[in-house]
Amino acid sequence: MSNMKLGYDLVVVGAGIIGLATAWTARRRGLRVAVVERNAKAIGASVRNFGFITVTGQRRGEHWRRAQDTAAIWREVAPQAGIGVVHEGLHVLAQRPEAVAVLEAFMATEMGEGCRWVDAKQAQRDWPWLQPGMALLHSPHECRVESRDAIPRLSQWLEHSLGVDFYWNTPVTGIHLPHINTSRGSLRAEYGVVCPGNDLNALFPLCLAQAGIRQCTLQMMRVSPGQALHLSSAFMSDLSLIRYEGYADLPEATPLKARLLGEQAAHLAQGIHLIVVQSADGSLVVGDSHVYGDAEAPFASAATENLIMDEFHRVLNLPKASVIERWTGSYASAQDVVFKAQPSPRLALGVVTGGTGASTSFAFARELLDLAMSS
Ligand SMILES: Cc1cc2nc3c(=O)[nH]c(=O)nc-3n(C[C@H](O)[C@H](O)[C@H](O)COP(=O)(O)OP(=O)(O)OC[C@H]3O[C@@H](n4cnc5c(N)ncnc54)[C@H](O)[C@@H]3O)c2cc1C
C-alpha cells in the first residue's frame with residue numbers, strides 16, 4: 001500500500017452500501033477517508049438486491065424515518081454520481097378483503113401520508129397486464145436504482161470526485177486504532193467504522209454474536225416480460241403485507257396472516273413475498289424467498305423459483321414471461337432491524353439486520369459515524 005503512511009481521519013471496512021454511505025457522510029464532514037474491501041469489487045448483498053429504496057412498509061418509528069432520510073439522500077446523490085433512478089414509487093395490489101383492511105389501517109397512520117388509493121378497475125384498464133384486485137395503493141416515496149451498476153458507480157464517484165481512497169482485494173484482519181491491519185499491510189486512522197455485511201467471523205465475532213444474527217438467503221430472478229410493458233413503479237402483493245413490518249405489525253394484519261397460511265402455506269414456508277421492479281432494458285427483477293440458517297444457503301431451488309413465479313402471475317398477467325437470469329443473495333438477519341456497537345473507543349461496528357440496507361443506508365451511516373466520533 002503505497003500511501004498507507006499518509007494516515008486518514010477515518011477508515012471504513014467494507015465497500016457495500018453501508019460502507020459507501022459512511023464514506024460519503026464522512027467526506028461531507030470534511031474527513032480524509034479510506035475504504036478497505038476484501039474483494040476486487042463489491043459482490044455482496046448490496047449488488048444482489050432489488051435496488052428498491054423502500055419507505056412505505058418499513059418498521060414504524062425510527063426505521064421508517066431512517067428510510068425517509070435515506071431516500072432523500074439517494075435522490076440527491078444519484079444524479080451527482082451518474083446513477084440513474086430507474087423508476088419511482090410503489091403500488092401494492094390487495095386481492096383479499098383482509099389485505100384491503102391492512103392497507104386501510106396503514107393509511108390511517110402517519111405512515112400513510114402522501115400515499116393514495118388508485119382505482120383498481122381503472123388501473124386494470126390502463127395496465128391490462130395487471131390482475132384483478134380489490135384495492136391498489138400507491139406510495140410516492142420509493143425509488144429504484146440498478147444496484148449492480150449503482151454500487152460500482154458510487155464507489156468510483158467517491159474515489160474520483162470526492163477523494164476517497166479505496167483499497168480493494170484487502171481483507172482487514174484486525175483493528176487496534178490507530179492501526180488497521182490488513183492482509184497487505186497496515187493503515188493508520190483516528191476513527192474506524194466496520195460495515196461487514198454478513199461476514200460475522202472476521203472482525204469482532206464476539207461482539208456481533210450479541211446481535212443473535214442468522215444468515216438469510218434469498219432467491220432472485222431477472223424475467224423477460226414477454227411483451228412491451230412499462231411498469232413505472234415497483235409492485236407488491238398481499239404476501240408483502242405480512243412480511244413488511246410497517247403493515248405486518250398492525251393488528252389488522254392478523255386475519256390476513258391466518259388466511260394466507262391457509263391459502264399459500266407453501267409460499268410462506270419459504271418466506272416468499274413479491275417484489276417486481278423494472279430495469280432500463282425493460283426486464284423485470286423479481287423476488288424473493290427468505291431461508292434462515294447459520295450459514296448462507298448455497299443452492300437455489302427450482303420449487304422455490306416456481307412459487308415466486310406463481311405469485312408473480314397472480315399479480316401480473318404476463319403469460320409469456322420467462323426467467324432469463326437467476327441468483328441468490330444473503331444478508332445478516334436478526335430480531336432488531338439494525339445492530340450497532342462500539343467495540344473500542346473511536347470505532348463503530350454496524351449491520352442492517354432487517355434486510356433493508358439499501359433503503360436505510362445513509363441514515364444508518366450517519367449514526368455509525370456519530371457513534372465512532374462520540375468518544
Ligand atoms: C437478494 C437481496 C435483495 C435485497 N433487496 C433489498 C432491497 O430491495 N432494498 C433494501 O433496502 N435492501 C435490500 N436487501 C438488503 C440489502 O441489500 C442489505 O441490507 C445491504 O446491502 C447490506 O449492505 P452492507 O454494506 O452491510 O453489506 P454488503 O453488501 O454485504 O457489504 C459488506 C462488505 O464488507 C466486506 N467485508 C466484510 N468483512 C471484511 C473485512 N474483514 N475486510 C474487508 N472487507 C470486508 C465484504 O466483502 C462486503 O463487500 C436485499 C438483500 C438481498 C440479499
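**Exercise 1. Find which helices and strands each supply at least two residues of the shell around the ligand in this predicted model.**

Solution.
Step 1. Start with the helices: α1 (17-28), α2 (45-48) and α12 (357-373) each supply at least two shell residues.
Step 2. Add the strands: β11 and β16 (322-333) each do so as well.
Step 3. Count the shell: 36 residues surround the ligand. The closest are Glu37, Ser46, Phe52, Gly357 and Ser359.
Step 4. Sort the shell by class: 17 residues are nonpolar, 15 are polar and four are charged.

**Exercise 2. Work out how far the ligand's oxygen atoms lie from polar backbone atoms of Ile18, Cys195 and Ala358.**

Solution.
Step 1. Take Ile18: one of its polar backbone atoms is 3.1 Å from a ligand oxygen.
Step 2. Take Cys195: here a ligand oxygen and a polar backbone atom are 3.4 Å apart.
Step 3. Take Ala358: a backbone N or O atom lies 3.1 Å from an oxygen of the ligand.
Step 4. Turn to area: the ligand alone exposes 1,000 Å², and the protein buries 96% of that.

**Exercise 3. Decide whether Thr217 is buried or exposed, and describe its surroundings.**

Solution.
Step 1. Place the residue: Thr217 sits in strand β11, which spans residues 214-224.
Step 2. Apply the cut-off: buried means under 20% relative accessible area. Thr217 has 6%, so Thr217 is buried.
Step 3. List neighbours more than four places away in sequence: Thr217 touches Ser289, His290, Val291, Glu296, Ala297, Thr328, Gly329 and Ser330.
Step 4. Look at Ala297: its backbone nitrogen lies 2.8 Å from a polar side-chain atom of Thr217.

Technical notes:
Residues numbered from 1 in each chain as written. Predicted model: local features only at pLDDT ≥ 70, side-chain atom pairs only at ≥ 80, totals over all residues. Heavy atoms only, no water. Helix = DSSP H or I, 4+ residues; strand = E, 2+ residues; numbered from the N terminus. Buried < 20%, exposed > 50% of the residue type's maximum accessible area, 1.4 Å probe, protein only. Polar contact = N/O pair within 3.5 Å; in protein donor to acceptor, adjacent residues only side chain to side chain. Near = heavy atom within 4 Å. Areas by Shrake-Rupley, 256 points an atom, 1.4 Å probe, with all protein chains shown as cover. Nonpolar A, V, L, I, M, F, W, Y, C, P; charged D, E, K, R; others polar.
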